[in-house]
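The exercises below ask you to read a protein model step by step. Try each task before you turn to its solution.

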Amino acid sequence: MNVRCDELRATDLARGHSLPSEAMTLQPYWWMAAPRDTEISDALPAQTDVAIVGSGFTGLSAALTLLKRGRSVVVLERDVPGFGASTRNGGQIGSGNQKFRVKKLIELRGRRKAEELLREGTRMLDYIEHLISSENIECYFQRCGRFRGAMHPSHFEAMARDMEDLKSVAGVESFMVPKSEQHSEIGSDAFFGGSVLPNDASLHPGLYHQGLIDKVRSAGGVIVGHAEVFSIDETPEGFTVKTAKGDLRCRETIIATNGYTGGVVPELQRRIVPIGSALIATDEIPETLLAKLLPKNRVYGNTNRVFYYYRRAPSERRIIWGGRVGRLVDRASPSAFRHLARDMLHVFPELSDVKVTHGWDGLIGYTFDEVPHLGRTRQGIHYALGYCGTGVSRATYFGNKIALRLLGDPDGRTAFDDLTFPSFPLHPIAKHAVPVVETWYRVRDAMQK
Ligand SMILES: Cc1cc2nc3c(=O)[nH]c(=O)nc-3n(C[C@H](O)[C@H](O)[C@H](O)COP(=O)(O)OP(=O)(O)OC[C@H]3O[C@@H](n4cnc5c(N)ncnc54)[C@H](O)[C@@H]3O)c2cc1C
């Protein structure tokens, strides 16, 4: 098939087997407004107070906190700054409270700990809002609310009970929308009603990341692209960080590599499994149609274990649709995104003739216990990672907290500090078992429909 990037319809993509790579732009849609160019890269100095590995939200948020406290900081990035998940995500911001049902969390951690973790999740959302407004970062942050569609009547009932628990344990507001009224929330009959968390939010990840880069640099921070870190060795004064651009001496280091964590610190690598997530962006859609499909302009998801998520782009009339990565297909081909188009057309059949312009993916960092972790290794290296796919607010917040901990500030304390950070049993196998586990979850999702 010979299809140009300005003419690939959603229905062609959903059917597509051997689409040519030029049928769509295989780069994050967000990079159009915030290009990843080499200008956001500085020269490597010989020394600094703190070296941070990874230039996403965690690394930049930590850098900003440290710079404001008078520390010199160098952020080291393997690729162009912002190459990782922070400029590739869906821009949906929650408190991370949707990972576990509240009852499950209480079973696992006890009521007091569950309450502390859930309340801290809400503070993460408040923190990112505060940071964006106090730093004047223009990135379309909006408390738009989240609608989660039930994929089965039993999911609706379970969600209703969970929302009540969330209110009683952590004070989180929400309301349920029955199927008979769901057109007030979504122009689709694909769901059996849903829940709304009105305080959840959205932003443009590319612009938010660019805003953080600008703030870090104007506070005197140095951000070095194409400076892969190979090793971190202890010295009497601190550490020597060996990078692709030379050595950097520093007193302290922070690892902020989340789903892109490699073997620089093996004890962290064993604790993170990278999982792919992918998105597509449509071309502009007529306003009347968009207003019918997404009347409240919220962020959206569903109740499946392997779920999809979607929203309107902040300044354009496009839909951004995300989900798992394609399996058994060439990841550099538009065909790798066809399952996303299929899911989108299942929910919104009206979009069949709408063009799909962008497709991209990225890595999220999963932990064995499905909670994020921050702390210090035996060697004295600080880290904050493992956001399990809900990292926009968590990474920003953890970056700030790990920086405060490094400074010895008691405000760096979190409810996550005393959690053991388990490694994956048989990590190399766990890494490769992800598609198997995901397929099993999809089968279970399908059986429940
Ligand atoms: C497709 C997708 C959709 C998502 N959607 C959402 C969403 O809607 N809402 C939400 O809350 N979360 C979402 N997430 C998760 C969220 O984006 C991440 O949790 C968050 O951005 C993690 O930020 P980070 O700074 O910790 O890591 P990243 O932004 O991933 O940055 C890590 C960086 O470390 C660099 N690095 C790795 N190793 C080295 C090394 N040795 N030397 C130098 N640099 C190195 C990498 O190149 C990378 O740039 C999504 C993630 C993906 C991939």
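**Exercise 1.** Describe helix α4, stating what covers its buried residues.

*Solution.* Keep in mind throughout that the model is predicted. Begin with the extent of the helix: α4 runs over residues 111-134, which makes 24 residues, and the distance from its first C-alpha to its last is 34 Å, close to the 34 Å expected at 1.5 Å a residue. Next, look along the helix for buried positions, which include Ala-114, Leu-117, Leu-118, Glu-120 and Gly-121, and, further along, Met-124, Leu-125, Ile-128, Leu-131 and Ile-132. Then ask what lies over these buried residues: the cover includes β3, α3 (102-109), α5 (153-170), β7 (201-202) and α10. Finally, step just past the end of α4, where Asn-136 takes a positive phi of about 55°.

**Exercise 2.** Work out which elements supply at least two residues each of the shell around the ligand, and which of them gives the largest share.

*Solution.* First take the shell as a whole: 44 residues surround the ligand, and the closest are Gly-56, Gly-84, Gly-90, Gly-362 and Gly-391. Now assign residues to elements, and you find that α2 (57-68), β3 (92-93), β12 (273-282), β16 (356-366) and α10 (392-406) each supply at least two. The largest share, four residues, comes from β16. As a last step, sort the shell by residue type, which gives 17 nonpolar, 21 polar and six charged residues. Note that β3 and α10, which contribute to this shell, are also among the elements that cover the buried residues of α4.

**Exercise 3.** Decide whether Asp-369 is buried, exposed or partly exposed.

*Solution.* Locate the residue first: Asp-369 is found in the loop between β16 and β17 (373-376). A residue is buried with 20 or more C-beta neighbours within 10 Å and exposed with 12 or fewer. Asp-369 has 16 such neighbours inside 10 Å, and therefore counts as partly exposed. To see what else lies around this loop residue, compare positions along the chain: Leu-108 is 261 residues apart from Asp-369, yet their C-alpha atoms are separated by 9.8 Å.

**Exercise 4.** Explain why the radius of gyration of the protein agrees with that of a compact globule.

*Solution.* Start from the chain length: with 449 residues, a compact globule would have a radius of gyration near 22 Å, and the protein has 21 Å, so the two agree. Then add the spans of the C-alpha trace along its principal axes, which are about 65 × 55 × 45 Å. Of the 449 residues, 51% count as buried. Lastly, consider the contacts with a separation of 6 or more, of which 75% join residues 24 or more positions apart.

Terms used. Residues numbered from 1 in each chain as written. Predicted model: local features only at pLDDT ≥ 70, side-chain atom pairs only at ≥ 80, totals over all residues. Near = placed C-beta within 6 Å. Nonpolar A, V, L, I, M, F, W, Y, C, P; charged D, E, K, R; others polar. Expected span 1.5 Å × (residues − 1). Contact = placed C-beta atoms within 7 Å. Rg over C-alpha atoms; globule rule 2.2 N^0.38 Å.
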